[in-house]
Amino acid sequence: LLGASMNVNMDSVTEIFLKLLFLLSVHHRHMAVVGNKYNCDDQLVSALPQSSFSSSSELSSSHSPGFARLNRREGAGGWSPLVSNKYQWLQIDLGERTEITAVASQGGYGSSDWVTSYLLMFSDSGRNWKQYRQEESIWAFPGNTNADSVVYYKLQHSIKARFLRFVPLDWNPNGRIGMRIEVYGCTYRSEVVGFDGKSCLIYTLNKKLINALKDVISLKFKTMQSDGILLHREGKNGDHITLELTKGKLSLLMNLGDTKTHPSNAQINITLGSLLDDQHWHSVLIEHFNNQVNFTVDKHTHHFHAKGEFSYLDLDYELSFGGIPVPGKSGTLSHRSFHGCFENIYYNGVNIIDLAKRH
């Protein structure tokens, strides 16, 4: 911009300065709009209908779960169960799978009823529940010390779920369980594809876009089956990458280099996770830079250097998800194919499921 302006003699220094200020202000506003677009801290509970709330029990109709909205005073001023014990829960249905980044709690309005600690559970179906964990253990959320103060808690890692369940652990000994809550987050956008154990998704790579020294594959999966092929890619010299679920554990099998020349040191088999066939979403990330490989399953990462003669995989331009196609036999799969769902499959930034939907 400065170079172009210097060639225009009629522009004074003041005019150039004002033009620069204008362009900088436009750029700043644009960045602010873009930044705000991706904020994920919207209030999710306040606008929900009464039918979205449920509970283990209620003390009376005026203590029903529909009155459990933060800072609201309708009814008796919050939810209270019929009996205060550790078997009670308050549940909300967000209507769709949502990214949840924070929660807040409050006691019953104008009462002696508040919860001092609670557990948070989440589910996609409202039947199969998982407990929020932090620092590798089930996390007890800090609750309230009075009826009116709001205790806000930012989640260390976000939750993707449709249903949330608050389970009180402790409460005011001079009162009973009482809760008003809010949940913060945003719409979770995802691409999902289902596999029936007899199918696979094949992605043929664009040769012009291939960087042999860099590969990044990420996906989420959910299944009830303990075995199945998630990913496979192979080359002409025996090179291959296979990601396979075996007895609920995820194994990354990799041959780097010519297995005929170096049969002993070319094979790598890394296993991560357990009980991954629990019908919950699990995330996988495989990063391959030169001969450095990072294999991550649900925040657990194994770093290693790939063995073999070469620092890259001499692989074909085809990547299969959900099974291994038999060469020369269209529609035929070898090994145990995957039965379940994949979400947000990305290969070097390419959205594979979106491509498949668009043929």
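This passage describes the largest pocket, the strand pairing and selected loop residues of a predicted model.

The largest pocket has a volume of about 1100 Å³. Its lining comprises 36 residues, and those closest to the pocket centre are Phe122, Lys130, Trp281, His282 and Asp298. By residue class, the lining consists of 15 polar, 13 charged and eight nonpolar residues. Both domain 1 (42-187) and domain 2 (192-326 + 335-358) contribute to the lining, with at least three residues each. Several strands supply at least two lining residues each, namely S4 (115-123), S5 (130-131), S6 (133-134), S9 (151-171), S13 (214-223) and S18 (282-289). The highest contribution is that of S9, which provides five residues.

Asp298, listed above among the residues closest to the centre of the largest pocket, is found in the loop that links strand S19 (292-297) to strand S20 (300-305). The phi angle of Asp298 is positive, near 50°, although the residue is not a glycine. In general, most residues other than glycine have a negative phi. Asp298 has a relative accessible area of 25% and is therefore classed as partly exposed, the buried class being limited to values under 20% and the exposed class to values over 50%.

Strand pairing was examined next. Strands of a sheet pair through backbone hydrogen bonds, in either a parallel or an antiparallel sense. One open sheet contains six strands in the order S12-S21-S14-S15-S16-S17, and its pairing is antiparallel. Strand S12 (201-204) and strand S17 (267-272) form the edges of this sheet, each pairing on one side only. On average, and with direction ignored, neighbouring strands of the sheet are turned by 10° against each other. Within the sheet order, S21 stands beside S14; strand S14 (residues 228-234) and strand S21 (residues 318-321) are joined by two bridges in the antiparallel sense. In this pair, His232 lies opposite Ser320 of S21.

Strand S24 (339-347) pairs with several other strands. Strand S11 (residues 192-196) runs antiparallel to S24 and is joined to it by five bridges, with Val192 opposite Glu343 of S24. S13, one of the strands that supply at least two residues to the lining of the largest pocket, is also antiparallel to S24, and six bridges connect the two strands. Here the bridge partner of Thr223 is Gly340 in S24. S24 further pairs with S25 through two bridges, again in the antiparallel sense, and Tyr346 is set opposite Asn351 of S25.

S24 and S25 form a hairpin with two residues between the strands. Asn348 lies in the loop between S24 and strand S25 (350-351). Like Asp298, with its positive phi near 50°, Asn348 is a non-glycine residue with a positive phi, of about 50°. The relative accessible area of Asn348 is 32%, so this residue is partly exposed.

A further loop residue, Pro65, is located between strand S2 (53-55) and strand S3 (90-106). Pro65 has a relative accessibility of 7% and therefore counts as buried, since the buried class covers values under 20%. The C-alpha atoms of Pro65 and Ser54 are 5.6 Å apart in space, while the two residues are 11 residues apart in sequence.

Key. Residues are numbered from 1 along each chain as its sequence is written. This is a predicted model: local features need pLDDT of at least 70, side-chain atom pairs count only at pLDDT 80 or more; totals for chains, interfaces and linings use all residues. Side-chain values use heavy atoms; hydrogens and water are left out. On a 1 Å grid over the protein atoms alone, a cavity is a set of points where a 1.4 Å probe fits but cannot get out, and a pocket is an open set with protein on both sides within 12 Å along at least five of seven lines; lining residues have an atom within 4 Å of a point. Grid points are joined across faces, edges and corners, and a volume is the space filled by probe spheres set on the points. Helices (H or I, at least four residues) and strands (E, at least two) are DSSP runs, numbered from the N terminus. Ala, Val, Leu, Ile, Met, Phe, Trp, Tyr, Cys and Pro count as nonpolar, Asp, Glu, Lys and Arg as charged, and the others, Gly among them, as polar. Domain bounds come from an automatic or database domain assignment. Two strands pair if DSSP finds at least two bridges between them. Axes are lines fitted to C-alpha atoms, for helices over the stretch in contact, and angles run from 0 to 180 degrees between N-to-C directions. Buried means under 20% relative accessible area, exposed over 50%, partly exposed in between (1.4 Å probe, protein chains only).
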